[in-house]
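Subject: The structure for you to look at

Hi,

Here is the structure I promised to pass on. Have it open in your viewer while you read, and click along as you go.

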Amino acid sequence: MCRKLTILARDSTNRIIAQCEHGTIHLYWTRAAIFLHPAELLPLLALIQCWKPDFEKARSEPFLIVRQLDGSLKLWYREIGVRLSQSDLYDLAALLWHAAARLKLFDLEPLTPPNHPLEASRPVNCVLLRPEWRN
């Protein structure tokens, strides 16, 4: 049982990435909780980076993103599915990016995305930036 969580990234009280004393990554998104191995953070971020609005689905085991009939997206991690909007997907990418930076998973020099509400971090190449992040 996890007793101590270190917050790695947060953009609200319901959207948090933390790491417990066992090293497990806790991804809390609204009412969903997903528990990842730290090595799964970058593959998930890479999958989200590669997602394009015209895609119907994209897969990188153990993750899958599928467009739903109503236009929303469903992110699957094994048998756990979380419904996301396109904007949510960008927000999740930002959280993953900041969490990975806090864990020092990047080898790049620090750079802060412009006008981003989260703390300064190290970017990963080709993270899809939201329009308001751009200069």
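Below is what turned up, going from the sheet to the helices and then to a few odd spots.

One thing before you start: this is a predicted model.

**The sheet**

Start with the open sheet, which has 4 strands in the order β1-β2-β3-β4, paired antiparallel. β1 and β4 sit at its edges with a single partner strand each, so one side of each has no neighbour in the sheet. On average, and ignoring direction, neighbouring strands here are turned by 15° against each other.

Now follow the chain through it. β1 (residues 5–12) runs antiparallel to β2 (residues 15–20), and 6 bridges hold that pairing. You can find your place by looking for L5, which stands opposite C20 of β2. The two strands make a hairpin, with 2 residues between them.

β2 then pairs with β3, again antiparallel, through 5 bridges. Here I16 is the residue opposite Y28 of β3. This is a hairpin too, with 4 residues between the strands, and G23 in the turn has a positive phi of about 95°.

Are the residues of β2 buried or exposed? The strand is mostly covered, with 6 of its 6 residues buried. Remember that side chains in a regular strand alternate between the two faces of the sheet. In β2, R15, I17 and Q19 point one way while I16, A18 and C20 point the other, and all are buried.

**The helices**

What does α2 lie across? It lies across β1, β2 and β3, and it runs at about 150° to β1. α2 has 17 residues and reaches 25 Å from its first C-alpha to its last, close to the 24 Å expected at 1.5 Å a residue. Like β2, this helix is mostly covered: 14 of its 17 residues are buried.

α1 (residues 41–50) has L41, L44, L45, L47, I48 and Q49 as its buried residues. An α-helix has 3.6 residues a turn, so residues three or four places apart point the same way. Try that idea on L41, L44, L45 and I48, which are among the buried residues of α1. And what do the buried residues of α1 pack against? The list is β3, β4, β5, β6, β7 and α2.

**The β5–β6 hairpin and F63**

β5 (residues 57–60) and β6 (residues 63–67) are antiparallel partners over 4 bridges. A hairpin of 2 residues joins them, and across it S60 has F63 as its bridge partner in β6. The loop between these strands holds P62, and the peptide bond leading from E61 into P62 is cis, with omega near 5°. That is worth a second look, because most peptide bonds are trans.

F63 itself lies in β6. Its relative accessible area is 1%, under the 20% cut-off, so F63 counts as buried. Which residues does it touch, beyond its neighbours within four places in sequence? F63 is in contact with L36, E40, L44, L47, A58, W76 and Y77. L44 and L47 also appear among the buried residues of α1. The C-alpha atoms of F63 and P43 are separated by 8.5 Å, with the two residues 20 apart along the chain.

**An aromatic pair**

Searching the whole structure gives 3 aromatic pairs. One of them is Y28 with F35, an edge-to-face pair with 6.4 Å from centre to centre and 85° between the planes. Y28 has a relative accessibility of 26%, so it counts as partly exposed. F35 is partly exposed as well, with a relative accessible area of 42%.

**Two unusual phi values**

Most residues other than glycine have a negative phi, so exceptions are good ones to click on. T30 is an exception, with a phi near 55°. You will find T30 in the loop between β3 and β4, and at 44% relative accessibility it counts as partly exposed.

K104 also has a positive phi, near 60°. It lies in the segment after α2. Is K104 buried or exposed? With a relative accessible area of 63%, K104 is exposed.

Have fun clicking around!

Note on methods. Residues numbered from 1 in each chain as written. Predicted model: local features only at pLDDT ≥ 70, side-chain atom pairs only at ≥ 80, totals over all residues. Heavy atoms only, no water. Pairing = 2+ DSSP bridges. Phe/Tyr/Trp six-rings, centres within 6.5 Å; stacked < 30°, edge-to-face > 60°. Buried < 20%, exposed > 50% of the residue type's maximum accessible area, 1.4 Å probe, protein only. Contact = heavy atoms within 4.5 Å. Expected span 1.5 Å × (residues − 1). Axes fitted to C-alpha atoms, helices over the stretch in contact; angles between N-to-C directions.
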